[in-house]
Amino acid sequence: MAFSERISRLKSSLIREILAAAQRPEVMSFAGGLPAEPMLPKVDWAELPASMGQYGMSEGEPALREAIAAEARALGIACEASQVLIVSGSQQTLDLVSKLFIDPGTEVLVEAPTYLAALQAFQLFGAECLAVAQEADGPQLDALRATLEQRKPAFAYLIPTFQNPSAVRYSEAKRDAVAALLDEFGVTLLEDEPYRELVFDQGSATPIVTRLKRASWIYTGTVSKTLLPGLRVGYLIASPDLFPYLLRLKQSADLHTNRIGQWQALQWLGSPQYRAHLAELRDFYRIRRDAMQAALTEHFSDLASWETPQGGLFFWLTLKQPLDTRTLLKQALAQDVVFMPGEPFFVDPDANPGYLRLNFSHVAPERLGEGLRRLAGVIREAIALEAA
């Protein structure tokens, strides 16, 4: 059977495979970015208009686009509702942007590490991903400048607020410097912010797109981490030169995002009940973050180093004795524990052993300690075997 040439680059999602293997109730999953089910809000469908069952506009529901534009302006993003496109989860933004920019061999700049489903999307279309290493407050600026001086990426894909997987939040200075470099070299920015609302301290930082003066940009977000992932409602906001092309690509992909999910998102966004829900969500996840920090200190202090995340859903661990954590999945699952190996978050996985991404939102605090104790045992056993 003759498939398109891009099928040779099609990779399965390790996260999705792990989640499928972790369906048994006894399995403690630290793997996916799953919101906590107790915090999924109770939704009311009673007032859903019958008209929402009809086809809709490709751009999305006008009232929802207005609401998102208003929220974006409050962050400092200069935009109108006419620049907002409702997508089927922000994952669709990655697909649309890939279709817009990437041919085989097109260069795309990413962080190291970066969101593995973004690598999957970009590489499917044939991108050559250029990785810039992260520091505690954002990318290494010298490395970023050197890359931009030597190469000409079609766009830069950045996750500056509680980055997935590293949980890094760019400092204000790094955001300014990155924006200045993208302006200087004329590189389009794709800024992905699914975790912005999940913040546990008083710090905040405006998006990088608010600091751009010349470069084109796309800003994308979602309600999957704050409302219901099953709604599959996200959005992108694009500079006027890019928006018409993204709209046409959306039309050809699926006509429009499901209107029933859009209607439900509109009942929440910007409302007092949404603000109250976000406050409860932050308090709930802060407790789980603190519980994992305590359990990691107990079970992993001799095995790994990490920074306590100030937001988002993940801890990012660096093993003190690196080994390929992908080889540990079978042994961990035998102990009814699953986690996300760190290697697939790098452009060159084999050259970056020794990292784990652990989600703290999904497992109840009373089970966290036991799960991490078992995982630490698996790692200790693997290190001992390698040393033998």
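This report covers the domains, a helix pair, a pocket, two cavities and some backbone features of a predicted model.

## Domains

The domain assignment of the protein chain gives two units. Domain 1 takes in 5-40 + 274-387, and domain 2 runs over 50-272. Domain 1 is thus written as two segments, 5-40 and 274-387. Between the C-alpha centres of domain 1 and domain 2 the distance is 25 Å. Their contact draws 35 residues from domain 1 and 38 residues from domain 2.

## Helix pair α9 and α11

Helix α9 covers residues 272-300, and helix α11 covers residues 365-387. Their axes come within 9 Å. The crossing angle is roughly 35°. The crossing of α9 past α11 is right-handed.

On the α9 side, the contact uses Arg 288, Ala 291, Met 292, Ala 295, Leu 296, His 299 and Phe 300. On the α11 side, it uses Pro 365, Leu 368, Gly 369, Leu 372, Arg 373, Leu 375, Ala 376, Ile 379 and Arg 380. By class, this α9 to α11 contact holds eleven nonpolar, two polar and three charged residues.

## Second largest pocket

The volume of the second largest pocket is about 510 Å³. Its lining has 22 residues. Those nearest the centre of this pocket are Ala 136, Ser 166, Val 168, Glu 307 and Trp 316. The lining divides into 13 nonpolar, six polar and three charged residues.

Two strands, β4 (128-135) and β11 (314-319), each supply at least two residues of this pocket's lining. β11 gives the largest share, with four residues. Both domains take part: domain 1 and domain 2 each provide at least three residues of the lining.

## Cavities

The whole structure was searched, and two cavities of 30 Å³ or more were found. The largest cavity holds about 40 Å³ of space. Its lining consists of Leu 109, Val 110, Glu 111, Val 132, Pro 139, Leu 144 and Leu 158. Strand β3 contributes the largest share of that lining, three residues. Six lining residues of the largest cavity are nonpolar, none is polar and one is charged. Under that classing, the charged residue is Glu 111.

The second largest cavity has a volume of about 30 Å³. Pro 35, Ala 36, Met 39, Leu 40, Lys 225, Thr 226, Leu 227, Leu 281 and Tyr 285 line the second largest cavity. By class, that makes seven nonpolar, one polar and one charged residues. Where does the second largest cavity lie relative to domain 1 and domain 2? It lies between them, because both domains give residues to its lining.

## Backbone features

Two cis peptide bonds deserve a look. One joins Ala 112 and Pro 113, with omega about 5°. Pro 113 sits in the loop between β3 (107-112) and α4 (116-124). Strand β3 is also the element that gives the largest share of the lining of the largest cavity.

The other cis bond joins Asn 164 and Pro 165, with omega about 25°. Pro 165 is in the loop between β6 (155-158) and α6 (172-185). Phe 162 is found in the loop between β6 and α6 as well. Phe 162 is not a glycine, but its phi is positive, near 60°. Ser 166, one of the residues nearest the centre of the second largest pocket, directly follows Pro 165 in the numbering.

Note on methods: Residues numbered from 1 in each chain as written. Predicted model: local features only at pLDDT ≥ 70, side-chain atom pairs only at ≥ 80, totals over all residues. Heavy atoms only, no water. 1 Å grid on protein atoms, 1.4 Å probe; cavity = no way out; pocket = protein on both sides within 12 Å on 5 of 7 lines; lining within 4 Å. Points joined across faces, edges and corners; volume = space filled by probe spheres on them. Domains from an automatic or database assignment. Axes fitted to C-alpha atoms, helices over the stretch in contact; angles between N-to-C directions. Left-handed = near helix turned anticlockwise from the far one by under 90°. Contact = heavy atoms within 4.5 Å.
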